[in-house]
Amino acid sequence: MPLNKSKKKTPMPAQKPEVRRRNFQEVALGYTEEDAVNEAQRCLQCKKPGCVQGCPVQVQIPRFIKYIAEREFEKAIEVIKQTNSLPAVCGRVCPQEEQCEKRCVLGKMGDPVGIGRLERFVADWERARGVKTPELPPRLGKKVAVIGSGPASLTCAGDLAKLGYDVTVFEAFHKPGGVLVYGIPEFRLPKAIVQEEVDFIKKLGVEVKTDMVMGKVLTVDDLFDMGYEAVFIGTGAGLPKFMGIPGENYLGVYSANEFLTRINLMQAYSFPQTDTPIKVGKKVAVVGGGNVAMDSARSALRMGADEVHIVYRRSEEEMPARREEFENAKEEGIIFDFLTNPIRIIGDEKGWVKGIECIRMQLGEPDASGRRRPVPIKGSEFTMEVETVVIAIGTGPNPLLIKATEGLELNKYGYIAADEDGKTSREGVWAGGDIVTGAATVILAMGAGKKAAASIHEYLQSKK
Amino acid sequence: MFKILERKDLAPSIKLFVMDAPLVAKKAKPGQFVILRIREGGERIPLTIADYDAEKGTVTVVFQEVGKTTRELGTLKAGDSIQDFVGPLGVPVEFPHHKKVLGVGGGLGVAPLYPKLKMLHEQGVEVVSIIGAKTAEMLIFEEEMKAVSDRLYVCTDDGSKGRHGFVTVVLKELLEQGEKFDEIIIIGPPILMKIGAEITKPYGIPTMVSLNPIMVDGTGMCGGCRVSVGGETKFACVDGPAFDGHKVDFDELMKRLATYRDEEKISMDKFQEEHECKLTGKIKEAERNAAE
């Protein structure tokens with residue numbers, strides 16, 4: 001097999017910034033077959049591949065890449081699917097630069113292999129041809145309940161169904177997918193892909209029930225009474241945090257959760273063809289520096305805002321957002337106000353936001369997170385005139401189900417305490433994903449769902 | 001899909017649906033609400049539970065046609081189905097030690113007041129109620145309220161039935177006459193709850209109100225329904241919807257309720273345009289949906 005000695009990744013075809021900033025279609029368009037083969041030929045096929053260790057679900061990366069280089073795309077997707085049930089999602093939203101690609105030896109001399117792009121390519125190649133349903137083992141006649149339908153839950157449900165369990169997924173919203181549906185925007189992860197993943201686990205025999213706000217309509221105790229022998233909780237970190245500064249209840253101030261849910265899940269971009277409205281002013285400030293802040297800012301632009309600022313209290317270096325998302329946002333014209341912290345939101349007499357008062361910051365000594373702590377510069381207050389403020393400073397655990405479940409130990413931050421396998425303090429109950437770790441990545445949640453599924457299987461086998 | 005088993009037109013623009021929702025019915029308690037969505041593309045709107053029957057598996061909701069979604073809901077009939085009906089949401093209300101309670105309900109607010117008073121009545125608590133509406137025609141739940149009240153006052157703004165005037169006038173009179181209550185529950189338009197709570201405050205009587213701010217999910221994940229209570233931000237969907245009326249910032253609530261006034265008009269005009277009969281000016285009935 002020929003080796004491609006280019007130090008650069010094969011470029012990803014993408015919508016031009018000036019075009020995409022006004023539409024919700026996917027930004028990155030995906031590799032062609034030629035692009036993919038070309039990029040796959042860059043892989044050195046290391047004997048001891050670092051990339052695999054960098055992957056939370058240990059996808060056999062060099063093997064699938066080798067198949068791509070040989071144009072054996074079907075075999076390539078089979079390799080990925082042995083350990084990753086959501087490749088079309090992961091190929092798009094995984095932070096590869098922090099994981100597999102970070103460990104790629106090519107990265108020392110130039111760009112690492114575009115592992116994420118290749119994963120996406122084969123996943124899309126398979127989607128275009130229709131995903132095959134694997135042969136299922138005989139039913140075991142044992143019921144497992146999965147609460148939530150985000151990445152952790154979908155993975156856990158899929159794995160258990162493949163082992164022969166009767167799995168029911170309970171989703172609070174009217175549409176399954178969790179954060180993949182309400183949080184991550186269409187232009188980063190098309191909702192059709194999430195729907196396909198949900199359809200796939202349904203084909204595996206999983207029953208998906210929507211409108212089920214667990215803890216309210218049914219409790220964990222109810223589930224055991226109904227004959228479920230194990231329960232997995234994957235409800236995510238859905239509680240929005242506010243800053244606690246004056247003026248946060250003015251009209252035009254949104255939590256990122258509300259802002260993105262209105263746009264993504266409720267399709268406010270189609271208003272009035274759809275019924276849910278949203279108010280996006282001409283000038284928008286998004287507070288925060290993570291991926292959710294990037295998603296909110298870029299969504300605001302696509303909703304028609306003229307000027308969108310990201311207001312972040314630390315500097316570019318400390319920003320937790322993926323580099324790629326930051327670059328994308330910059331290209332689209334998002335204005336970054338680093339070392340800037342909001343201290344007050346200003347409203348008019350009718351209660352509408354008209355500005356946000358901020359103070360300039362400088363970096364001091366490192367704090368508990370290891371990042372240098374931002375400290376205010378006295379007398380540097382200034383007012384930014386905006387009509388909409390989106391607060392994207394993080395989320396916490398939603399207590400709704402937790403409060404309604406007895407015997408569930410929590411950690412000091414209020415998340416569910418669970419061991420490596422996702423086992424909680426309560427027998428028969430597992431948890432995984434953001435409800436255990438706090439807001440993290442799709443792939444980590446999937447890894448947790450996978451481990452929990454294996455542990456549930458072990459438990460139910462020994463339970464007999 | 002959730003089927004509408006029964007529809008009653010209680011007053012012009014106020015309708016009652018009995019919904020087939022066994023799981024919701026089984027868990028519902030006074031003070032809780034549901035979120036419904038009529039169809040794909042529809043809005044999620046909160047409605048307070050007006051009654052429920054765990055055995056029959058039914059939940060009763062009452063709504064007034066004020067915006068596009070409620071207007072569209074009003075075109076549905078018994079036998080039709082809606083896409084989503086989620087609940088019971090919110091914190092149930094409890095009154096463990098009360099002996100005497102006053103309920104004050106204005107307009108549509110009488111419907112959510114009813115299950116609370118019904119529970120109190122069944123617990124053997126003495127219930128006094130004041131209900132009111134703009135006109136006699138707009139008054140709802142009079143019979144139901146009579147059945148659960150030891151004493152019932154009826155008021156109308158135009159004097160077409162009962163006392164001429166607002167419910168708050170009777171509330172003030174009772175308190176001025178020295179009548180004592182363990183708690184007063186006031187439910188109605190925000191302005192009524194605000195004025196009512198101001199009246200009861202000097203008497204130091206605990207006063208409960210039930211808020212209906214704009215919501216999306218109803219599970220605490222968006223924060224759109226935030227209200228200021230005693231200077232703290234609360235989410236009405238998971239911390240409420242019932243709150244201490246003496247602590248609620250009603251002015252902020254009223255402002256926030258107006259957030260989408262422009263969009264509501266756009267939506268409404270579009271609906272009118274699409275559904276109004278050009279001949280009679282009436283809104284056409286919904287076409288039977290697929291579940292039929």
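In the predicted model, helix α7 of chain A covers residues 115–129. This helix has 15 residues. From its first C-alpha to its last it reaches 22 Å, close to the 21 Å expected at 1.5 Å a residue. Of the 15 residues of α7(A), 11 are buried, so the helix is largely enclosed by the rest of the structure. The buried set includes A:Ile115, A:Leu118, A:Phe121, A:Val122 and A:Trp125. Charged names appear in the list too, among them A:Glu119, A:Arg120 and A:Asp124. The buried residues of α7(A) pack against five helices of chain A: α2 (33–40), α3 (50–54), α4 (61–69), α5 (73–83) and α6 (87–93). Just after α7(A), A:Gly130 takes a positive phi of about 90°.

Chain B contains an open sheet of 7 strands. Their order is β11-β10-β9-β8-β12-β13-β16, and the pairing is mixed. The edge strands are β11 (163–164) and β16 (242–244), each of which pairs on one side only. Within this sheet, β9 (residues 126–133) and β10 (residues 151–156) of chain B run parallel and are joined over 6 bridges. Across this pair, B:Ile130 stands opposite B:Tyr153 of β10(B). Helix α5 of chain B (residues 167–176) lies across β8 (100–106), β9, β10, β11 and β12 (183–187). The helix runs at about 150° to β9(B).

One residue of β9 in chain B is B:Val128. Its relative accessible area is 0%; a residue counts as buried under 20%, so B:Val128 is buried. Residues touched by B:Val128, leaving aside those up to four places away in sequence, include B:Val101, B:Leu102, B:Tyr153, B:Leu174 and B:Phe181. B:Val128 and B:Gly245 are 117 residues apart in sequence, and their C-alpha atoms are 19 Å apart in space.

Another pairing in chain B is antiparallel. Strand β3 (residues 33–37) and β7(B) are linked in that sense over 4 bridges. Here B:Ile35 stands opposite B:Val86 in β7(B). For strand β7 (residues 84–89), 6 of the 6 residues are buried, so this strand is largely enclosed by the rest of the structure.

Cavities were also counted. There are 6 cavities of 30 Å³ or more. The largest has a volume of about 150 Å³. Its lining holds 17 residues, of which B:Ile214, B:Gly224, B:Arg256, B:Thr259 and B:Tyr260 lie nearest its centre. Three elements each supply at least two residues of this lining: β6 (253–255) and α12 (256–263) of chain A, and α8 (250–257) of chain B. The largest share, 3 residues, comes from α8(B).

The backbone has several unusual points. Most residues other than glycine have a negative phi, and most peptide bonds are trans. A:Asp211 has a positive phi of about 60° although it is not a glycine. A:Asp211 lies in the loop between β3 (207–209) and α11 (220–225) of chain A, and is buried, with a relative accessible area of 6%. B:Phe141 also has a positive phi of about 60°, and is likewise not a glycine. This phenylalanine is found in the loop between β9 and α4 (142–148) of chain B. B:Phe141 is buried, with a relative accessible area of 6%.

Cis peptide bonds occur in both chains. The bond from A:Phe271 to A:Pro272 is cis, with omega near 0°. A:Pro272 is found in the loop between α12 and β7 (283–287) of chain A. The bond from B:Gly240 to B:Pro241 is cis, with omega near 10°. B:Pro241 has its place in the loop between α7 (236–239) and β16 of chain B.

Note on methods:
Residues are numbered from 1 along each chain as its sequence is written. Chains are lettered from A and ligands numbered from 1 in the order in which they are written. This is a predicted model: local features need pLDDT of at least 70, side-chain atom pairs count only at pLDDT 80 or more; totals for chains, interfaces and linings use all residues. Side-chain values use heavy atoms; hydrogens and water are left out. Two strands pair if DSSP finds at least two bridges between them. Contact means heavy atoms within 4.5 Å. Axes are lines fitted to C-alpha atoms, for helices over the stretch in contact, and angles run from 0 to 180 degrees between N-to-C directions. The expected span of a helix is 1.5 Å times one less than its number of residues. Buried means under 20% relative accessible area, exposed over 50%, partly exposed in between (1.4 Å probe, protein chains only). On a 1 Å grid over the protein atoms alone, a cavity is a set of points where a 1.4 Å probe fits but cannot get out, and a pocket is an open set with protein on both sides within 12 Å along at least five of seven lines; lining residues have an atom within 4 Å of a point. Grid points are joined across faces, edges and corners, and a volume is the space filled by probe spheres set on the points.
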